[in-house]
Amino acid sequence: MRSNPNIVVTGTPGVGKTTHAELLARNTGLKHLSINDIVKTEKCHEGWDDELETWIVDEDKLLDTLEDLVAPGGQILDWHACDLFPVRWVDLVVVVRCDSTILYDRLTARGYKGKKLEENMDAEIMQVLLEEARESYEKEIVVELRSDTAEEVEGNVERIEAWITQWKKDRED
Ligand code: DAT
C-alpha cells in the first residue's frame, strides 16, 4: 500500500503541466517526474522523429524504468500522454486545459511551427488528452483543470493539495 498517492499531470504541450507539477511538488514534497527528461536521460527511445521534432518513445523501456520509481508512491508523473501508465500505478489524473488562443501564443513562443504546432493545437481543441484519460482510468479519478492564468495554477494546486490530504485521511481510517 502506498502512503502517498501517485498523480498523473497530463495535457497538450504548453498547457502548463510542468508549472503545475513543480508548484505541487514544492508545496507537498511529492516528487516531480518529468517523463520527457526520463525518456532522454535514461534513453527510453528509439531515436528522434525529425518531422515532429520529438523522441520516438520506447514504451516498454520507459515503463520498466518507471516501475521502481512509482512503487513507493508520492510521484507526480508529468507527460503529454497518459494511457500507457498502468491503472494500478495511478491515484489521480489531472488533465490541464488551456484556451486555444493562449496556447497558440505559448507554443509559438516555444518555437513550435508547421505540423508540430498544428497537431498540438488540434489535440487541445479536440480535447484528445481528456478523452484519453477518461478512456484509460475510472472517471472518478480524472479531473480537468483550466490553466489560462497564474491565479488558476495556484487555485488548481490548492485543490490537488486538498485532494491529497483527503486521500491520506481516507487511508488512516
Ligand atoms: P507544459 O509542461 O504543459 O508543456 P509549461 O508548464 O512548460 O507547459 O508552460 C508553458 C508556458 O506557459 C511556460 O512559459 C509557462 C506558461 N504558463 C503555463 N501555465 C500558465 C498559466 N496558467 N498562466 C500563465 N502562464 C502559464
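Is Gln166 buried or exposed, and how many other C-beta atoms lie within 10 Å? Gln166 is exposed, with 10 other C-beta atoms within 10 Å. The legends below describe this residue and other parts of the structure, which is a predicted model.

**Figure 1. Overview of the protein chain and its order of elements.** The protein chain contains seven helices and seven strands. Read from the N terminus, these elements follow the order β-α-β-α-β-β-α-β-β-α-α-α-β-α. The radius of gyration is 16 Å, close to the 16 Å that the globule rule gives for 173 residues, so the chain is as compact as a globular protein of that length. Measured out along the principal axes, the C-alpha trace spans about 55 × 35 × 30 Å.**Figure 2. Burial and contacts across the protein chain.** Of the 173 residues in the protein chain, 30% count as buried. Among contacts with a separation of 6 or more, 74% are made by residues 24 or more positions apart.

**Figure 3. The shell around the ligand.** The ligand has 15 residues around it. Gly16, Lys17, Thr18, Thr19 and Ser147 come nearest. By type, the shell is made up of four nonpolar, seven polar and four charged residues. Helix 1 (17–28) supplies at least two residues of this shell, and so does helix 7 (150–172).

**Figure 4. Strand 5 and the residues along it.** Strand 5 covers residues 75–79. Five of its five residues are buried, so the strand is largely enclosed by the rest of the structure. Gln75, Leu77 and Trp79 point one way from strand 5. Ile76 and Asp78 point the other way, and these residues are buried too.

**Figure 5. The pairing of strand 5 with strand 1 and strand 2.** Strand 1 (residues 7–10) runs parallel to strand 5, and four bridges join the two. In this pairing, Val8 stands opposite Leu77 of strand 5. Strand 2 (residues 31–34) also runs parallel to strand 5 and is joined to it by four bridges. Here the bridge partner of Ser34 is Asp78 in strand 5.

**Figure 6. The largest nonpolar core and the contacts of Val95.** The largest nonpolar core has 34 residues. Val8, Val9, Ile76, Leu77, Val93, Val94 and Val95 touch the most other members of this core. A closer look at Val95 leaves aside its neighbours within four places in sequence. The residues then in contact with Val95 are Thr10, Gly11, Leu129, Leu130, Ala133, Val142 and Glu144.

**Figure 7. Two residues with positive phi that are not glycines, Glu53 and Gln127.** Glu53 has a phi of about 50 degrees. Its place is the loop between strand 3 (45–49) and strand 4 (54–57). Glu53 is partly exposed, with 13 other C-beta atoms within 10 Å. For Gln127, phi is about 45 degrees. Gln127 lies in the loop that links helix 5 (114–125) and helix 6 (128–136). With 16 other C-beta atoms within 10 Å, Gln127 is partly exposed.

**Figure 8. Ser136 and residues that lie apart from it in sequence.** Ser136 belongs to helix 6. Ser136 has 19 other C-beta atoms within 10 Å and is partly exposed; a residue needs 20 or more to count as buried. Which residues does Ser136 touch, not counting those up to four places away in sequence? Ser136 touches Cys82 and Asp83. Pro86 is 50 residues apart from Ser136 along the chain, and their C-alpha atoms are separated by 8.9 Å.

**Figure 9. Ala150 and Gln166, two exposed residues of helix 7.** Ala150 is part of helix 7. Ala150 counts as exposed, with 10 C-beta neighbours inside 10 Å. From C-alpha to C-alpha, Ala150 and Val128 are 24 Å apart in space, and they are 22 residues apart in sequence. Gln166, the residue of the opening question, is also in helix 7. The count of other C-beta atoms within 10 Å of Gln166 is 10, and this residue is exposed. Gln166 and Gly47 are 119 residues apart along the chain, with their C-alpha atoms separated by 42 Å.

Terms used
Residues numbered from 1 in each chain as written. Predicted model: local features only at pLDDT ≥ 70, side-chain atom pairs only at ≥ 80, totals over all residues. Rg over C-alpha atoms; globule rule 2.2 N^0.38 Å. Buried ≥ 20, exposed ≤ 12 C-beta atoms within 10 Å, placed from the backbone. Contact = placed C-beta atoms within 7 Å. Near = placed C-beta within 6 Å. Nonpolar A, V, L, I, M, F, W, Y, C, P; charged D, E, K, R; others polar. Core = buried A, V, L, I, M, F, W, Y, C linked by C-beta atoms within 7 Å. Pairing = 2+ DSSP bridges.
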